[in-house]
Amino acid sequence: MAEKLEIVVTIAPDGTVKLETHGLKGQSCLAETEAVEKALGTVRSRTRTAEWYQQGTAARGKTTQR
């Protein structure tokens, strides 16, 4: 079974938005949230989780050639 990939969007009462990814390793989370971030506006901060430092996964069926 494939690992579950998830993007959680939280909108606070003051209008700030928090995106949190689960199951995306390495920088793949940036690629997956890029369109949402552009639509919402300026990114004020990023917090890197343990998954950020793990080997990246090929999201959306993308492959990397070497």
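The following exchange asks how several labels attached to this predicted model are justified.

Student: Why is Thr-33 called buried or exposed, and where does Thr-33 lie?

Tutor: Thr-33 sits in helix H1, and its relative accessibility is 4%. Buried means under 20%, so Thr-33, at 4%, counts as buried. Leaving aside neighbours within four places in sequence, Thr-33 is in contact with Ile-7, Leu-19 and Thr-21.

Student: What makes the link between Lys-4 and Glu-6 a salt bridge?

Tutor: The closest N and O atoms of Lys-4 and Glu-6 are 3.9 Å apart, and the cut-off asks for a side-chain nitrogen of Lys or Arg within 4 Å of a carboxyl oxygen of Asp or Glu, so the pair qualifies as a salt bridge. As for cover, Lys-4 counts as exposed because its relative accessibility of 62% is over 50%, whereas Glu-6, at 32%, falls in between the two limits and is therefore partly exposed.

Student: How do you know that Glu-34 and Lys-38 form a salt bridge, and where do the two residues lie?

Tutor: Their N to O distance is 3.4 Å, which is within 4 Å and therefore meets the criterion. Both residues belong to helix H1, where they are four residues apart, about one turn of the helix. Glu-34 is partly exposed at 40% relative accessibility, while Lys-38, with 65%, is exposed.

Student: Why is Glu-37 called buried, and what is the label of its salt-bridge partner, Arg-46?

Tutor: The relative accessible area of Glu-37 is 16%, under the limit of 20%, so Glu-37 is buried. Arg-46 has 43%, between 20% and 50%, and is therefore partly exposed. The side chains of Glu-37 and Arg-46 meet at 2.9 Å, N to O. The structure holds four salt bridges.

Student: What makes Val-17 eligible for the nonpolar surface patch, and which elements supply the patch?

Tutor: Patch residues need over 30% relative accessible area, and Val-17, in strand S2, has 35%, so Val-17 passes that limit and also counts as partly exposed. The patch, of about 500 Å², is made by Ile-7, Val-9, Ile-11, Val-17, Val-36 and Leu-40. Strand S1 and helix H1 each supply at least two of its residues, and S1 gives the most, with three.

Student: How do you know that Arg-48 lies over the face of Trp-52?

Tutor: Arg-48 is at 4.5 Å from the ring centre of Trp-52, and the distance limit is within 6 Å, so the distance part of the test is met.

Conventions: Residues numbered from 1 in each chain as written. Predicted model: local features only at pLDDT ≥ 70, side-chain atom pairs only at ≥ 80, totals over all residues. Heavy atoms only, no water. Lys NZ or Arg CZ within 6 Å of the ring centre and 35° of its normal. Patch = residues over 30% accessible without salt bridge, like charges linked within 9 Å, V, L, I, M, F, W, Y side chains within 5 Å. Areas by Shrake-Rupley, 256 points an atom, 1.4 Å probe, with all protein chains shown as cover. Buried < 20%, exposed > 50% of the residue type's maximum accessible area, 1.4 Å probe, protein only. Contact = heavy atoms within 4.5 Å.
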